[in-house]
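Visitor: Hi, could you walk me through this structure?
Guide: Sure, here it is.

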Amino acid sequence: MRPARALIDLQALRHNYQLARELSGARARALAVVKADAYGHGAVRCAQALQDEADGFAVACIEEALQLRAAGISGPILLLEGFFEASELALIEQHDLWTVVHAGWQLEAIEQAALKRPLNVWLKLDSGMHRVGFHPADYQAAYRRLLGSGKVAKIVLMSHFSRADELDCSRSDEQLAVFQQAREGLAAEVSLRNSPALLGWPSIPSDWSRPGIMLYGATPFEQAQEVASRLQPVMTLESKVISVRDLPAGEPVGYGARFVSERPSRVGVVAMGYADGYPRHAPTGTPVLIDGQPSRIIGRISMDMLTVDLSDLPGTGVGSRVEFWGRGVLASDVAVAAGTIPYQLFCNVRRVPLIYSEA
Ligand SMILES: Cc1ncc(COP(=O)(O)O)c(C=O)c1O
């Protein structure tokens, strides 16, 4: 059997959720964001592991929500982008889902829908991200229309930060000020905090937090941050050395000869490639762990294989275990080396089996 696999530590997932709860504050609740197949960790298994303690879940779309319902997840599930077509409202009602409303056409659809039960709606403000959400000038009117529709049981006021992962940036404070002004006088719960806002912005109010990346144990920050150091990596992406080449100085390795040995070198070939989700653009020098010892990627990443430097690791060879990210090599460090973010590394994982453990 091909040795490439992703180990998923569900106990670490629960630890991280508890940290998110703790950071949310005593009276606040936390929706575990399990969209995009729980950032590549398997939405059903992750939601099942969290279901006894999570206040609810958040997903990107109704397809993801229905997958959770079909697997027996019975708690609240929020659709973070709401519905994409008015016809989804019947399913939202039938499966007791909560929905974001971010646009006028969604408001109209709710007004016109024939619903037997009122909905739980999260009304989204564009406080400066400029992606989705109502303009501040239209926010109060949207709230009043929703209330007046007689179709909603509860409205939560929400917005999303664009730069909360930059700890020395004032944009989150500016967005908060826009939010506070837009919601003035509206007596409703609010939801503002994602992972970076939970970890790095303790003064931001939020009755409902929406942690995503931190649940999976990766920091959203590029620099070290004290609270983030309490996170436990959930995914370990690993494989084994399947072949070894002893090369003299001056020999190229892999496609495009992107690496040329500067000295006599031992090159390990590992069963892992970009078809498994390992980033093709990870350059020579990207950290890996080989039998617990730090080393580096060398040369170009192929579809099914990549090459690592064994030159200074004499005890290693065919069968040596290679960790690409996990507890020994942080995904956030790999992401920095590869010019991406841990979110994308996790979401891209495919083909490899996900192997779950509770301990
Ligand atoms: C609206 C919304 N809330 C929360 C999250 C979770 O963010 P994070 O993974 O940074 O915690 C996302 C993720 O993109 C989102 O779009």
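**A chat about the model**

Guide: Let's start with one pair: the side chains of Asp309 and Arg296 are joined by a polar contact of 3.0 Å. A polar contact is a pair of N or O atoms within 3.5 Å; within protein, one has to be able to donate a hydrogen and the other to accept it, and residues adjacent in sequence count only if both atoms are side-chain atoms.

Visitor: Before we go on, what kind of model is it, and how are residues numbered?
Guide: The model is predicted, so local features need pLDDT of at least 70 and side-chain atom pairs count only at pLDDT 80 or more, while totals for chains, interfaces and linings use all residues. Residues are numbered from 1 along each chain as its sequence is written, and side-chain values use heavy atoms, with hydrogens and water left out.

Visitor: OK, back to Asp309. Is Asp309 buried or exposed?
Guide: Asp309 is buried, because its relative accessible area is 8%. Buried means under 20%, exposed means over 50%, and partly exposed is in between (1.4 Å probe, protein chains only).

Visitor: And where is Asp309 found?
Guide: In strand S17, residues 306-309. Helices (H or I, at least four residues) and strands (E, at least two) are DSSP runs, numbered from the N terminus.

Visitor: How many helices and strands are there in the chain?
Guide: The chain has 11 helices and 19 strands. Its C-alpha trace spans about 75 × 40 × 35 Å along the principal axes, and 55% of the 359 residues count as buried.

Visitor: Switching to the ligand: which residues are the closest?
Guide: Lys35, Tyr39, Ser195, Ile213 and Tyr343 are the closest of the 15 residues that surround the ligand. To be near a molecule, a residue needs a heavy atom within 4 Å of it.

Visitor: What about polar atoms of Ser195, Tyr39 and Lys35?
Guide: For Lys35, a polar side-chain atom lies 2.7 Å from an oxygen atom of the ligand. In Tyr39, a side-chain N or O atom is 2.6 Å from a ligand oxygen. With Ser195, the distance from a polar side-chain atom to an oxygen atom of the ligand is 2.5 Å.

Visitor: How much of the ligand does the protein cover?
Guide: The ligand has 400 Å² of accessible area on its own, and the protein covers 91% of that. Those areas come from the Shrake-Rupley method with a 1.4 Å probe; for residues, only the protein chains shown count as cover.

Visitor: Which elements give two or more residues to the shell?
Guide: Helix H2 (35-40) and helix H9 (195-200).

Visitor: New topic: where is Ser159, and what does its side chain contact?
Guide: Ser159 is in the loop between strand S8 (152-158) and helix H8 (171-182). Its side chain makes a polar contact of 2.7 Å with the side chain of Ser127. Ser159 counts as buried because its relative accessibility is 2%.

Visitor: Any odd backbone angles, say the phi of Ala257 or Arg351?
Guide: Most residues other than glycine have a negative phi. Ala257 has a positive phi near 50 degrees, and Arg351, also not a glycine, has a positive phi of about 65 degrees.

Visitor: Where do Ala257 and Arg351 lie?
Guide: Ala257 lies in the loop between strand S12 (252-253) and strand S13 (259-260). Arg351 is in the loop between helix H11 (342-348) and S19. Ala257 counts as partly exposed because its relative accessibility is 38%, and Arg351 counts as partly exposed at 46%.
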